[in-house]
Amino acid sequence: MNRIVFVNIDGACRDIFYSVVRKNKTNFSQVIKLPKRAINNVGISSSRKDTIAFHQVLNVLPVYTMPNQASLFTGLYPCNHGVLNNHMFDRLGKSGGADEPVYYNNLRAYNFYYGTIGSANRMLTEQTPTVHDYLYDKGMTSAIFYSHFSSQKNAGKVNKIMFNFMRDEFSKHSGSAIDWWVPSPMDALEFPSQGFNESHIFDKYINFDGEMMQDTLKYLEDMEDEEVPNLVTLYFGGNDHHCHGKGTKGEKGQAHYLLDYCDKFFGKFLEKWEKFIDQTIFIFLSDHGHIDVCNGNNTIEKDLIPEILKKKGYKCFNPKSYLSRVGKCDVAIAYSCGMVQIYVQKNANESNKGDWTELPSEDDLEKVKDTLTQGGKLNHTDFIFTRKLDGNSWNAGYTFDQLRPGAGADFVRLTERMDEICCHSSGDIILVLDPRETYRFGGEDLKSVHGYGIEQDSYVPLIFAGNNINLFKPKNDISNVRTVDITPTILYLLGIDVDKFDGKNLLEKKSG
Ligand SMILES: [Zn+2]
Ligand SMILES: [Zn+2]
């Protein structure tokens, strides 16, 4: 029986991660033997017998954490799993009612990320199984450390540590089929939503990933041998936040964090996991990369779009105001740095406003689009995507206008990936800003960002390693490797046959 340990490092850039794991005498290097040989034309390098690495693994839009994490654990594109952003507009009011449909600040974000069962989990399309549910159905077990997405149906007790601010007492392994450890609100305090002023907290007090590993080690200490989970997921959230604050390059850049934090924590895990290492396949993966900010001043106030629209009589939902109620507004905006999703109510700014659950008309969308593009205020926008209204469907895809000459060259399959997010929870109008100059919404002083859809944030590392991976090789007909392929591949490695994903299994048994 294979065991799988899924090391999920938020924001790990492919090239930086690969250079770090090539270093000798690290904990990563105990299990990863990355081939030095050139990669083949579909980006697979597997010359070493106990490591398979992929080089062109493309994630999903928007290039933000929550939609991408949901794709990792469901094998589905955002239009099919329903999680469209970190801060999203919940048009149908599924997650918590119409009064709080967009989650912006820390506590709301915390609730969205984890909550009691995790509102983000509630945004998963109803009955969408996660990889953990497929295991559960086969009597297999999962232990989830700080990953956002677990089972809506079958999760065991959510770790109670989240209510214990002082963390003086650890919850015991509950023995259920899906054990889900979530961070405490204390941990979430140095997991700021968009502020990223973590320099003090990070170095001096606590470390998000350190807390995650502490919980994991305690779990392993309490675990009986017959309780060893089939799938363990370790979510390192700190890397992403470190990079936002320090950038990816330089002495304090990403390589430093991966080596001095993630690798050390992974080493602690290996010590406790030693007994099971022969039966373990390790998977290393991230949700997105990072783009270093080239001009710190290229920020665009989040008030700009509401101000432009207000002049034409629109009323935008204001995420900064607790008093702003979406019922009184006809436009809502959800930012993800380089990409902005704009939701338009039917008959917006007219007296006979429709309901948020209704499709806006072509006229509604044209008017908002014209308002935004006139006057040159948003002239750092590369593309504007507009919902197609064919056949009264929420899933008809997007048309787009390219606003900057040559813009398309920077992006990786942008239009194709845009259609993968198209559903009732995606924006009716979507702006994509200029990534070359890292124009972005929000005034925060960030050193690196993501959320555009270009190579640096869209290609992620993917490594399978460990003794048992010797039995497998990349499938011959593999091309176009995507992060939605992970769930099908995990299931294949565990001998579970399911075929209802947007992704595909990447591996097959070696013959003979
Ligand atoms: Zn992330
Ligand atoms: Zn981030």
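Strands S11 (residues 339-344) and S14 (residues 429-433) run antiparallel and are joined by four bridges. Within this predicted model, Gln341 is set opposite Ile430 of S14. The two strands belong to an open sheet of five strands, and the points below treat that sheet, strand S17 with its partners, and the helices H1, H11 and H12.

**The five-stranded sheet**

- The strand order is S10-S11-S14-S12-S13, and the pairing is antiparallel.
- Strand S10 (331-336) and strand S13 (398-402) form the edges, each of them pairing on one side only.
- With direction ignored, neighbouring strands of this sheet are turned by 20° against each other on average.
- Helix H14 (residues 362-373) packs on the sheet and touches S10, S11, strand S12 (381-387) and S14.
- The direction of H14 makes about 170° with that of S12.

**Strand S17 and its partners**

- Strand S17 (residues 459-465) is mostly covered, with seven of its seven residues buried.
- In a regular strand, side chains alternate between the two faces of the sheet.
- One side of S17 carries Tyr459, Pro461, Ile463 and Ala465, the other carries Val460, Leu462 and Phe464, and the residues of both sides are all buried.
- Strand S3 (residues 51-58) runs antiparallel to S17 and is joined to S17 by six bridges.
- Within S17, Ile463 is the residue that stands opposite Ala53.
- Strand S7 (residues 280-285) also pairs with S17 in the antiparallel sense, over four bridges.
- The bridge partner of Phe282 is Ala465 in S17, a residue that is itself buried.

**Helix H1**

- Helix H1 (residues 14-21) has buried residues at Arg14, Ile16, Phe17, Val20 and Val21.
- An α-helix has 3.6 residues a turn, so residues three or four places apart point the same way.
- The cover over the buried residues of H1 includes helix H2 (28-31), helix H12 (254-273) and S17.

**The crossing of H11 and H12**

- The axes of helix H11 (residues 238-246) and H12 come within 10 Å and cross at roughly 145°.
- The crossing in which H11 passes H12 is right-handed.
- On the H11 side, the contact is made by Gly238, Asn239, His242 and Cys243.
- On the H12 side, Gln254, Tyr257, Leu258, Tyr261 and Cys262 make the contact.
- The contact residues of H11 and H12 comprise five nonpolar, four polar and no charged residues.
- H12 thus appears in two settings: H12 crosses H11, and H12 is among the elements covering the buried residues of H1.

Definitions and conventions
Residues are numbered from 1 along each chain as its sequence is written. Chains are lettered from A and ligands numbered from 1 in the order in which they are written. This is a predicted model: local features need pLDDT of at least 70, side-chain atom pairs count only at pLDDT 80 or more; totals for chains, interfaces and linings use all residues. A residue is buried if 20 or more other C-beta atoms lie within 10 Å of its own, exposed if 12 or fewer, and partly exposed in between; C-beta atoms are placed from the backbone. Two strands pair if DSSP finds at least two bridges between them. Two residues are in contact if their C-beta atoms, placed from the backbone, lie within 7 Å. Axes are lines fitted to C-alpha atoms, for helices over the stretch in contact, and angles run from 0 to 180 degrees between N-to-C directions. A crossing is left-handed if the near helix is turned anticlockwise from the far one by less than a right angle, and right-handed if clockwise. Ala, Val, Leu, Ile, Met, Phe, Trp, Tyr, Cys and Pro count as nonpolar, Asp, Glu, Lys and Arg as charged, and the others, Gly among them, as polar.
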